[in-house]
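Here's a quick briefing to read with the model open beside you. Let's start with a pair of helices and work outwards from there.

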Amino acid sequence: MRTALVLGGTGMLAGCAGQLVARGWRVVLPSRTQPLMADDGPGRAARASISRGHRPTWVRADWEHPEKLAAEVEYELDGDLVNLLVAWVHDSYRMGVLNAVRHLLAEDAPVVEVHTSVPVPEPALPHPTQQVLLGHFAHDATLRTNRAVLEAVERGLAGRAPSLHHEDAR
């Protein structure tokens, strides 16, 4: 089973995480608070092996402690590697968090980075990276955000050349 690590997937990217689950991905969501849609608690790994494909798996994590975040994710992966990384991490934590999880990625794993301000930084990891720059939306921000990120995921999984796409209502 393919595994996706979605950093920032409990807020505006919840729809993206849900779509990956619906497509048969095992999705791991590190965050400070548990999203309603995720599985957690004692035995979550055993339950996930039985019901994978139904709900993402939440692990407690905090951007301020990237090494601990990576350790929690690694424990949850139980030896598996991440086949897709989707990351929407605040600029002040971005490099620390992405470098901390780098060793968890399969060699050919595509990365999707989401940004909300310019200038868009260079990709943080030596993996093929699709970048999404989100603009301003008067309506349907969550829908448009998830659509843009899922399109970037598709480009990455298809092996398309790394690129930056700007999604804006204007």
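**Where helix 3 meets helix 4**

On the helix 3 side, P66, E67, L69 and A70 touch G96, V97, A100 and V101 of helix 4. Sort those contact residues by type and you get six nonpolar, one polar and one charged. Keep in mind that this is a predicted model.

**More on that helix pair**

- Helix 3 covers residues 66-77 and helix 4 covers residues 91-101, and the two pack at an angle of about 35 degrees.
- Their axes sit 8 Å apart, and the crossing of helix 3 and helix 4 is right-handed.

**The whole chain**

- The protein chain has five helices and seven strands.
- Walking from the N terminus, you meet the elements in the order β-α-β-α-β-α-β-α-β-β-α-β.
- How much of the chain is buried? Of the 170 residues, 45% are buried.
- The accessible surface adds up to about 8,700 Å², and carbon and sulfur atoms account for 52% of that.
- Take the contacts between residues at least 6 apart in sequence: 61% of them link residues at least 24 apart.

**Helix 1 against helix 5**

- Helix 1 (residues 14-22) packs on helix 5 (residues 141-157) with 8 Å between the axes and an angle of about 45 degrees.
- That angle falls outside the ranges for roughly parallel (under 35 degrees) and roughly perpendicular (65 to 115), so helix 1 counts as oblique to helix 5.
- The crossing of helix 1 and helix 5 is right-handed.
- Which residues make the contact? From helix 1 come A14, G15, C16, Q19 and L20, and from helix 5 come N146, V149, L150 and V153.
- By type, the residues in this contact of helix 1 with helix 5 are six nonpolar and three polar, with no charged ones.

**N99 and its partners**

- N99 is a helix 4 residue.
- Is N99 buried, partly exposed or exposed? Its relative accessible area is 38%, which is over the 20% limit for buried but not over the 50% needed for exposed, so N99 is partly exposed.
- Once you set aside the neighbours within four places in sequence, N99 is in contact with A124 and L125.
- N99 and L125 are 26 residues apart in sequence, yet their C-alpha atoms are 7.3 Å apart in space.

**Loop residues to look at**

- P119 belongs to the loop between strand 5 (111-115) and strand 6 (129-134). Check the peptide bond leading into P119 from V118: it's cis, with omega near 0 degrees.
- D78 is in the loop that runs between helix 3 and strand 4 (84-87). Phi of D78 is near 50 degrees, so here's a positive value in a residue other than glycine.
- D78 has a relative accessible area of 67%, and since exposed means over 50%, D78 counts as exposed.
- E107 is in the loop between helix 4 and strand 5. Its relative accessible area is 79%, so E107 is exposed too.
- E107 and V82 are 25 residues apart along the chain, with 9.2 Å between their C-alpha atoms.

Notes
Residues numbered from 1 in each chain as written. Predicted model: local features only at pLDDT ≥ 70, side-chain atom pairs only at ≥ 80, totals over all residues. Heavy atoms only, no water. Helix = DSSP H or I, 4+ residues; strand = E, 2+ residues; numbered from the N terminus. Buried < 20%, exposed > 50% of the residue type's maximum accessible area, 1.4 Å probe, protein only. Contact = heavy atoms within 4.5 Å. Areas by Shrake-Rupley, 256 points an atom, 1.4 Å probe, with all protein chains shown as cover. Axes fitted to C-alpha atoms, helices over the stretch in contact; angles between N-to-C directions. Parallel < 35°, antiparallel > 145°, perpendicular 65-115°, else oblique. Left-handed = near helix turned anticlockwise from the far one by under 90°. Nonpolar A, V, L, I, M, F, W, Y, C, P; charged D, E, K, R; others polar.
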